[in-house]
Amino acid sequence: WLTKDTQATGYQIVLATNTAFTKNKKTVNISKNSTTAKTVTGLIKGKTYYVRARAFKTVGSTKYYGAYSTKKSIKVK
């Protein structure tokens, strides 16, 4: 689902329980561009979460973000 971006410094993953990404929102950053998977803890069992991701590049102390990926839904077991 998430493909490597050789220009990126890392990735930002956003999870929420609604498609507008406003309810129970959780944001996770991956600081290596070689990592394209992440285990997220603290999610509610049996709930459906919507996930989207985007790459970022750090230049100095500023992060520049790319466009978000398409939404994907997952159900927590």
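Visitor: Is strand β1 buried or exposed?
Guide: All 7 of the 7 residues of strand β1, residues 10-16, are buried, so the strand is largely enclosed by the rest of the structure. Buried means under 20% relative accessible area, exposed means over 50%, and partly exposed lies in between, with a 1.4 Å probe and protein chains only. Strands are DSSP runs of E with at least two residues, and helices are runs of H or I with at least four, numbered from the N terminus. This is a predicted model, in which local features need pLDDT of at least 70 and side-chain atom pairs count only at pLDDT 80 or more, while totals for chains, interfaces and linings use all residues. Residues are numbered from 1 along each chain as its sequence is written, and side-chain values use heavy atoms, with hydrogens and water left out.

Visitor: Which residues point which way from β1?
Guide: Gly10, Gln12, Val14 and Ala16 point one way, whereas Tyr11, Ile13 and Leu15 point the other way, and all of them are buried.

Visitor: Which strands are joined to β1, and by how many bridges?
Guide: β1 runs antiparallel to strand β3, residues 48-59, with 7 bridges joining them, and it also runs antiparallel to strand β2, residues 26-30, through 5 bridges. Two strands count as paired if DSSP finds at least two bridges between them.

Visitor: What stands opposite glutamine 12 in β3, and what is its bridge partner in β2?
Guide: In β3, arginine 54 stands opposite glutamine 12, and in β2 the bridge partner of glutamine 12 is asparagine 29. Glutamine 12 itself counts as buried, because its relative accessibility is 8%.

Visitor: And what does glutamine 12 touch?
Guide: Leaving out residues up to four places away in sequence, glutamine 12 touches Thr27, Val28, Asn29, Arg52, Ala53, Arg54, Phe56, Tyr65 and Tyr68, where contact means heavy atoms within 4.5 Å.

Visitor: Switching to rings, how many aromatic pairs are there?
Guide: A search of the whole structure finds 1 aromatic pair. Phenylalanine 56 and tyrosine 65 form this pair, which is tilted, at 5.9 Å centre to centre and with 55 degrees between the planes. Rings of Phe, Tyr and Trp (its six-membered ring) pair if their centres lie within 6.5 Å, and planes under 30 degrees apart count as stacked, over 60 as edge-to-face and the rest as tilted.

Visitor: Are those two buried or partly exposed?
Guide: Phenylalanine 56 is buried, with a relative accessible area of 5%, whereas tyrosine 65 is partly exposed, with a relative accessible area of 36%.

Visitor: Which charged ends sit over rings?
Guide: The charged end of arginine 54 sits over the ring of tyrosine 65, 4.0 Å from its centre, and the charged end of arginine 52 sits over the ring of phenylalanine 21, 4.1 Å from its centre. The criterion is that NZ of Lys or CZ of Arg is within 6 Å of the ring centre and within 35 degrees of the ring normal.

Visitor: What is in the largest nonpolar core?
Guide: It has 11 residues, including Tyr11, Ile13, Leu15, Val28 and Val76. β1, β2 and β3 each supply at least two residues of this core, and the largest share, 4 residues, comes from β3. A nonpolar core is a set of buried Ala, Val, Leu, Ile, Met, Phe, Trp, Tyr and Cys residues joined through side-chain atoms within 4.5 Å.

Visitor: How many helices and strands does the chain have?
Guide: The chain has 0 helices and 5 strands, and of its 77 residues, 29% count as buried.
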